[in-house]
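Subject: Structure handover

Hello,

Here is the structure we talked about. Please open it next to this note. My findings follow below.

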Amino acid sequence: MYIIENANLLKDKQLKTCSLLISKNRIAKIDSHFSHYQLIKMNAGPYIMTPTYVLFNSTIPQMKSFQELKKCLIKEFLMKGCTTLFTYVNVSYENELTTKITALKTALFSSPIDYLIGVRIPIHLITQSFIRKCKKEKIPAIFVDLQNVHELEKIPWGWIREAMFPFNSPLIPINSSVQKKEVKSVLSKWNSIMKRENIPALYEEIEENLPLTIPVLNKIGLYPQKASLMSGTEVSYNLYSKTNEIMNIDELNLFHYHSNRLMVTVHKGTVVRAGENVIFKPGNGEFVRVRTPSFFSLSI
């Protein structure tokens, strides 16, 4: 056990100074101080502390060599304070699901960061049978290639909702097959149907290589398991050098405009980046199993 004291936790654009009691690479307790504990203490006062990020990247499955994967994970993830990758496999037929998920898990076995795998499907694959198979495999998210309004109206959404329950992996729209002039109307129709039929879903596409927001993380079942610093969560955090110009700022702006101030990244209690040095440990990452999407009740 040890204590991280004088931590300047960033949440909702505000800094809260507190101390964290760490036990077995998890946050056992957060309090103003732990003066009565006779433990090793780390002073985090000179820094701003944030959770590490979860980034979505769809190009990972196309990487063929370990060196290509390593270069990408260092540049696009570890150097940016990200310790969890979210990606998907393309599935065209129901019987491909298990095989493709297994193949990507094998390819990412050497990853130094954790990874979460969803599926991307054509809209005609939204069937009761396929949804039940995704539920059995505990697929955390189903990306749906949208093409036009008419396809959306052909789906028996009431039956799909019943097939999704109780795991409720959210459906996430992808507009790459939609003509540009139709994107707005197709997405509007998508939103209308998802709300009317009470289907677990996202109403916008997820942007690549940007930190996932808390509502999105919760929808796919990652919050507060990832990207949070609270009692009971893993010890995964970033330390940014603290200056007056970044005193009133949110995590997204830190990510975008102050990456040069990111000094340290810790993943489950282990330093994986210090200054410009990345400690790349193949196989240190784990496949993340989601228990229940949208399990955590958000008040934001």
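Leaving aside its neighbours within four places in sequence, which residues is lysine 138 in contact with? Phe167, Val290 and Arg291. Contact here means heavy atoms within 4.5 Å.

Two points on the source. This is a predicted model, so local features need pLDDT of at least 70 and side-chain atom pairs count only at pLDDT 80 or more, while totals for chains, interfaces and linings use all residues. Residues are numbered from 1 along each chain as its sequence is written, and side-chain values use heavy atoms, with hydrogens and water left out.

**Overall**

The chain has eight helices and 14 strands. These are DSSP runs, numbered from the N terminus: helices are H or I with at least four residues, strands are E with at least two. The radius of gyration is 20 Å, close to the 19 Å that the globule rule gives for 300 residues, so the chain is as compact as a globular protein of that length. That radius is taken over C-alpha atoms, and the rule is 2.2 Å times the number of residues to the power 0.38. The C-alpha trace spans about 65 × 40 × 35 Å along its principal axes.

Of the 300 residues, 48% count as buried. Buried means under 20% relative accessible area, exposed means over 50%, and partly exposed is in between (1.4 Å probe, protein chains only). Among contacts with a separation of 6 or more, 72% come from residues 24 or more positions apart.

The chain exposes about 15,100 Å², and carbon and sulfur atoms supply 51% of that area. Areas come from the Shrake-Rupley method with a 1.4 Å probe; for residues, only the protein chains shown count as cover. There are 37 positive and 25 negative side chains, and the centres of the two sets lie 4 Å apart. Lys and Arg count as positive, Asp and Glu as negative; His and the chain ends are not counted. Each charge is placed at NZ of Lys, CZ of Arg, CG of Asp or CD of Glu.

**Cores**

The largest nonpolar core has 57 residues. Ile60, Phe77, Val119, Ile126, Trp157, Leu171 and Trp190 touch the most other members. Helix 6 (residues 183-196) gives the most to this core, with five residues. A second, separate core has 21 residues, including Phe56, Leu116, Leu217 and Val288. A nonpolar core is a set of buried Ala, Val, Leu, Ile, Met, Phe, Trp, Tyr and Cys residues joined through side-chain atoms within 4.5 Å.

Beyond its neighbours within four places in sequence, tryptophan 190 is in contact with Val144, Leu146, Leu152, Leu171, Ile172, Pro173, Ala201, Leu202 and Tyr203.

**Backbone points to check**

Most residues other than glycine have a negative phi, and most peptide bonds are trans. Please look at these exceptions.

- Phenylalanine 165 and proline 166 are joined by a cis peptide bond, with omega about 5 degrees. Proline 166 sits in the loop between helix 5 (157-164) and strand 10 (171-174).
- The bond from tyrosine 223 to proline 224 is also cis, with omega near 5 degrees. Proline 224 is in the loop between helix 7 (214-219) and strand 11 (237-241).
- Asparagine 6 is not a glycine, yet has a positive phi of about 60 degrees. It lies in strand 1 (residues 2-11) and is partly exposed, at 37% relative accessible area.
- Alanine 227 has a positive phi near 60 degrees. Its place is the loop between helix 7 and strand 11.

**Single residues**

Lysine 138 is in the loop between helix 3 (128-137) and strand 9 (142-145). It is partly exposed, at 47% relative accessibility.

Serine 19 lies in strand 2 (residues 14-23). It is buried, with a relative accessible area of 4%. Its contacts beyond four places in sequence include Asn6, the positive-phi residue of strand 1.

Tyrosine 47 is in strand 5 (residues 47-51). It counts as partly exposed at 26% relative accessibility. Its C-alpha is 38 Å from that of isoleucine 174, 127 residues away along the chain.

Alanine 274 belongs to strand 13 (residues 270-274). Its C-alpha is 9.5 Å from that of methionine 79, although the two are 195 residues apart in sequence. Past four places in sequence, alanine 274 is in contact with Met263 and Ile279.

Best wishes
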